[in-house]
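Biologist: Please take a close look at the aromatic pairs of this predicted model. I would like one connected account of how the rings are arranged and where they sit.

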Amino acid sequence: MTDWYVDDRCTNCDVARQFAPELIIEEERASRILRQPGDDAENRRLHAAVFACPTRSIRSASGQPDPALDPFPMALDDGVLICGHNSRQTAGANSYLLRRPSGTAMMIDTPRWSPALAERYVAATGPVTDVLLTHRDHVAHGRRYADHYGARLWIHEGDLDAVPDADQVIRGTDPVEIGEGVTAHPLPGHTRGSVLYLADDRYCFTGDSFYWSRTTDDLEVAESVTWYSIGELAASLARADGKLRFEWVLPGHGDRRRRDADEMSRRLHALAERTAQARPRQIDFTAVRW
């Protein structure tokens with residue numbers, strides 16, 4: 001039996017645990033293999049974690065991972081795939097492909113850069129017309145993917161200094177339609193230029209503004225990793241409360257989840273109220289409730 005383990009390069013980004021939570025746990029601020037996969041389905045979930053891990057920390061003492069079991073891009077729903085192959089240069093952020101009715105796709109944030117990966121994503125979705133950056137922390141490979149695809153690169157003016165050659169700049173705090181069925185909602189707080197992208201009143205790509213926590217089984221903000229202003233984030237969520245309707249929360253960091261749209265609306269309202277009570281605190285990655 002393959003003897004999987006996590007090496008000491010792990011940064012506790014939570015990515016691997018999202019794909020194989022029954023096999024990989026958090027212990028002493030790092031991921032650890034709880035047990036070896038017991039069947040083919042578990043082996044496939046373990047391999048998803050292997051190929052998503054930004055530090056390639058999930059390793060085998062007896063061989064290499066099976067490239068045939070690389071599942072990415074992996075369909076989450078009819079309209080969305082997760083890219084996998086997370087990048088160290090985005091702190092391991094998840095990225096996504098949003099299928100459009102025209103047979104094209106949009107990429108939300110980016111995986112690690114590789115021409116082979118870029119071609120794999122196009123083969124799965126059709127031409128990529130837009131690369132949507134949620135904020136400055138996730139810009140690392142945006143220009144390369146956009147240039148490779150001949151796509152438009154988007155960012156908010158508040159984070160424009162991180163990618164000054166962006167093709168499209170979102171301005172202000174009002175929602176703006178950037179494509180049929182796709183709206184950008186500026187959500188300053190995590191950074192000055194954080195943006196949430198809402199598609200088809202179904203998919204909510206939140207960047208690092210909020211996420212699904214397995215610890216609390218609810219929507220949460222990363223209060224301890226808010227670079228710009230927790231007060232501004234609270235104000236942003238208050239503006240969004242009642243205006244966003246979605247089933248899927250699809251964050252950069254933290255877990256994703258699907259729930260009924262009415263339930264998500266109630267949870268977002270409660271999150272806005274909780275965040276309004278939060279106060280500024282020192283940056284502390286170890287305090288995030290994954």
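**Aromatic pairs**

Modeller: The predicted model holds 7 aromatic pairs. In one of these, the ring centres of Tyr96 and Phe205 are 5.5 Å apart and the planes meet at 55 degrees, and the pair counts as tilted because that angle is not over 60 degrees, the cut-off for edge-to-face, and not under 30, the cut-off for stacked. This pair links distant parts of the chain, since Tyr96 belongs to strand 7 (residues 96-99) and Phe205 to strand 15 (residues 203-207), with their positions 109 residues apart in sequence. Both Tyr96 and Phe205 are buried.

A further pair is made by Tyr121 and Tyr145, whose ring centres lie 6.5 Å apart with planes at 40 degrees, so this pair too is tilted. Here the partners come from helices: Tyr121 lies in helix 3 (residues 115-125) and Tyr145 in helix 4 (residues 142-149), so the pair ties together parts that are 24 residues apart in sequence. Tyr121 and Tyr145 are both buried, and they belong to one aromatic cluster that also takes in Trp113 and Tyr149.

An aromatic ring also meets a charge in this model: the charged end of Arg256 sits over the ring of Phe19, at 4.7 Å from the ring centre. Aromatic residues appear once more at the largest pocket, where Phe285 and Trp290 are among the lining residues that lie nearest the centre, together with Ala91, Val225 and His253.

Conventions
Residues numbered from 1 in each chain as written. Predicted model: local features only at pLDDT ≥ 70, side-chain atom pairs only at ≥ 80, totals over all residues. Heavy atoms only, no water. 1 Å grid on protein atoms, 1.4 Å probe; cavity = no way out; pocket = protein on both sides within 12 Å on 5 of 7 lines; lining within 4 Å. Phe/Tyr/Trp six-rings, centres within 6.5 Å; stacked < 30°, edge-to-face > 60°. Helix = DSSP H or I, 4+ residues; strand = E, 2+ residues; numbered from the N terminus. Buried < 20%, exposed > 50% of the residue type's maximum accessible area, 1.4 Å probe, protein only. Lys NZ or Arg CZ within 6 Å of the ring centre and 35° of its normal.
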